[in-house]
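Here is a protein model to read alongside some short questions. Have the sequence and the coordinates open.

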Amino acid sequence: NNIAVVYLNQSRYEDALANYEKAFQIRIHKYGYNHPDVAQCYLGIGNVYVEQTRYEDALENYENALEICIDKYGHNHPYVEACYNNIAVVYLNQSRYEDALANFEKALAIKKKIYGEIHADVSTTLHQIANVYCDQAKYKDSLENYHKVVGYIQSYHGDTHPEVASTLHTIANGYYKKGKYKGAVTNYVNVLKIYIDKFGHNHPKTH
């Protein structure tokens with residue numbers, strides 16, 4: 001399994017698959033199919049297929065992992081959330097936006113139950129949801145979620161953190177695409193203020 005991970009990081013996908021398959025066979029022989037270590041193999045194999053853009057194969061493996069994780073851990077567990085997130089990313093890569101949103105929402109609900117409303121992992125998934133809406137040109141929904149992300153980041157990093165600036169920049173782009181130029185300028189100016197405060201005037205981010 002570890003060798004497979006190394007090959008995956010080297011983009012040697014066939015070698016990665018071969019080693020994941022070896023690990024998979026050993027684990028099902030030792031534990032049977034319904035075991036967390038087998039789920040880990042499914043996830044690894046799914047990750048390789050994603051890199052190869054073999055999305056249907058990736059989905060099949062992620063869904064197998066999801067089934068095992070739900071059976072072993074219940075519905076509200078980080079491993080289950082990770083499976084939903086991976087499935088959502090595959091759907092997003094296929095431009096199956098509604099399916100992507102449905103799975104990101106499932107991941108979000110689990111994260112909120114585990115971590116509460118105000119947590120970095122929650123804001124990460126909200127950002128992904130906002131990105132899906134943006135890809136669909138649903139800028140109102142996209143901006144609503146980006147604003148939530150900003151609020152969360154401000155709550156645990158403060159108002160002048162670079163992640164706040166980055167999300168405000170995305171919000172500014174959203175207003176620009178909607179033709180709301182006043183809103184765009186306001187947010188671009190707020191981004192500039194943060195970057196000047198953090199990096200000074202003579203920095204690429206302030207140019």
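The questions below deal with one helix and two loop residues in this predicted model.

Q: Which residues of helix 1 are buried?
A: Helix 1 covers residues 2-9. Buried means under 20% relative accessible area. The residues of helix 1 that count as buried are Ala4, Tyr7 and Leu8.

Q: Why do the buried residues of helix 1 line one face of the helix?
A: Ala4, Tyr7 and Leu8 are the buried residues. Look down the axis of helix 1: these buried residues line one face because they fall within an arc of 100°.

Q: Which residues are exposed on the other side of helix 1?
A: Exposed means over 50% relative accessible area. On the side of helix 1 away from the buried residues, the exposed ones are Asn2, Ile3 and Asn9.

Q: What do the buried residues of helix 1 pack against?
A: The buried residues are Ala4, Tyr7 and Leu8. Their packing partners are helix 2 (13-31) and helix 3 (36-51).

Q: What is the phi of Ser11?
A: Ser11 sits in the loop between helix 1 and helix 2. Its phi is positive, in a residue other than glycine. The value is near 65°.

Q: Is Ser11 buried, partly exposed or exposed?
A: Partly exposed lies between the cut-offs of 20% and 50%. Ser11 has 44% relative accessibility, so it counts as partly exposed.

Q: Where is Ala137, and what is its phi?
A: Ala137 is in the loop between helix 7 (120-135) and helix 8 (139-157). At 45% relative accessibility, Ala137 is partly exposed. Its phi is positive, in a residue other than glycine, and is near 60°.

Definitions and conventions: Residues are numbered from 1 along each chain as its sequence is written. This is a predicted model: local features need pLDDT of at least 70, side-chain atom pairs count only at pLDDT 80 or more; totals for chains, interfaces and linings use all residues. Side-chain values use heavy atoms; hydrogens and water are left out. Buried means under 20% relative accessible area, exposed over 50%, partly exposed in between (1.4 Å probe, protein chains only). Helices (H or I, at least four residues) and strands (E, at least two) are DSSP runs, numbered from the N terminus. The arc is that of the directions from the helix axis to the C-beta atoms. Contact means heavy atoms within 4.5 Å.
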